[in-house]
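Here's a quick tour of how the pieces of this fold sit against each other. Have the model open alongside while you read.

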Amino acid sequence: MKLGIVGSGIIVKDFLSIAHHLKHTTILSLCSTKRSEEDARALAKEYLIGQVFTDYEDFLKSEADTVYLGLPNHLHFSYAYQALLAGKNVIVEKPFTPTIEQATVLSRTARERHLFLFEAVTTLYQPDYRRVKELIPSLGSVRLVRCSYSQYSRRYDRFKNGEVLPAFDPACAGGALMDINIYNLHYAAGLFGMPESVHYFANIERGIDTSGVLLLDYGSFLCTLTGAKDCSAPNSCIIQGDKGYLIQDSPANICEGGRVILNDGSEETVADHSYSHRMISEFLEFEKMILSGDLATCYRYLDHTLCVCEILTQARRMAGIVFPADGQEVQ
């Protein structure tokens, strides 16, 4: 895989710290804004990246066959769409797009051009998450699912003082649902698919959700997903069935460890994790799929992403949270 990276922020730095695990990937280039060029050049020097661009069109003409987008949420669609049109495979950091309409266009474009298109969301690729999938039948009929991911954001202090950063800016498709509760949603939708109905109850300040509870009704059971950037609490994922329950005392983005405790008193430990950093598993999978030409598996993940985008769009609009993309036509 010949990789080009767009962005120079925290998530890109996180990725670069684990890129050495990708034995069949060469990072050829880095693209940033002119404002961030100095940071980008420092990263390029540190990680031996040969080219730095500040013009995206020039970047797309480079030799990279795959583009990784680590950009603010509201830029995901336009940058991914341009990359697909340029014949590049694309890895988009979560959340995939602000709206289901944009996600549908990207999905259609990738499939028409036989290109790989991934949402980089760590949850789905964690070994312990896959083990959870295997263990759910042992719980009997699922009755309740609860996931909580609350992490007080230092940016919230600045938000309260009147400064609006992208994480809390409706114009940048920010908010707790898109930034932190999305991991809980991927966790639940990856296990159970599309619910029968969606409800989002949010704490909203200045047009954006700083925390909230997403309720998914699956007909035979209920799923509550709590995400907060304005307060903190212990994080966990719990699946309750009529034969026992499964608990993971970690946030859904890490999805590490856990126990199955059955009504008969028997227990089983979930312990299949093998990497020290949450991003390693997902990028190893992306690399493997691209190298083997496994579009079928890629598009199964893409179908899951579309499901999540549909739920996000329904939930957000139901809560009255409006993004600029809501009023835009997409091709």
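## The eight-stranded sheet

Eight strands make up an open sheet with mixed pairing, and their order is 8-9-10-7-11-12-13-14. At the edges you'll find strand 8 (197–205) and strand 14 (267–269), each of which pairs on one side only. Direction ignored, neighbouring strands in this sheet are turned by 10° against each other on average. Keep in mind that this is a predicted model.

For one pairing up close, take strand 7 (residues 142–150) and strand 10 (residues 222–228): they run in the parallel sense and share seven bridges. Which residue of strand 10 is the bridge partner of S148? That's T226.

## Helices packed on the sheet

Helix 6 (residues 127–135) packs on the sheet and touches strand 11 (236–241), strand 12 (244–248), strand 13 (259–262) and strand 14. The direction of helix 6 makes about 175° with that of strand 12.

Helix 8 (residues 176–192) packs on the sheet too, with contacts to strand 7, strand 8, strand 9 (208–217), strand 10, strand 11 and strand 12. Against strand 10, the direction of helix 8 makes an angle of about 155°.

## Helix 8 meets helix 10

Helix 8 also has a helical partner. Its axis and that of helix 10 (residues 295–318) come within 10 Å, crossing at roughly 130°. The two helices are therefore oblique to each other, and helix 8 passes helix 10 in a right-handed crossing.

If you want to pull up the contact residues, select L177, M178, I182, L185, H186, A189 and G190 on the helix 8 side. Across from them, helix 10 contributes H304, T305, C307, V308, I311, L312, A315 and R316.

## Two sides of helix 2

Now jump to helix 2 (residues 37–46). Which of its residues are buried? They are A40, L43 and A44. Looking down the axis of helix 2, these buried residues fall within an arc of 100°, so they line one face of the helix. What do the buried residues of helix 2 pack against? Their neighbours are helix 1 (10–18), strand 2 (26–31) and strand 3 (51–53).

Flip to the other side of helix 2 and you get E38, K45 and E46, which are exposed. Just after the helix comes a backbone detail you can check on a Ramachandran plot: L48 takes a positive phi of about 60°.

Key. Residues are numbered from 1 along each chain as its sequence is written. This is a predicted model: local features need pLDDT of at least 70, side-chain atom pairs count only at pLDDT 80 or more; totals for chains, interfaces and linings use all residues. Side-chain values use heavy atoms; hydrogens and water are left out. Two strands pair if DSSP finds at least two bridges between them. Helices (H or I, at least four residues) and strands (E, at least two) are DSSP runs, numbered from the N terminus. Axes are lines fitted to C-alpha atoms, for helices over the stretch in contact, and angles run from 0 to 180 degrees between N-to-C directions. Contact means heavy atoms within 4.5 Å. Buried means under 20% relative accessible area, exposed over 50%, partly exposed in between (1.4 Å probe, protein chains only). The arc is that of the directions from the helix axis to the C-beta atoms. Angles under 35 degrees count as roughly parallel, over 145 as roughly antiparallel, 65 to 115 as roughly perpendicular and the rest as oblique. A crossing is left-handed if the near helix is turned anticlockwise from the far one by less than a right angle, and right-handed if clockwise.
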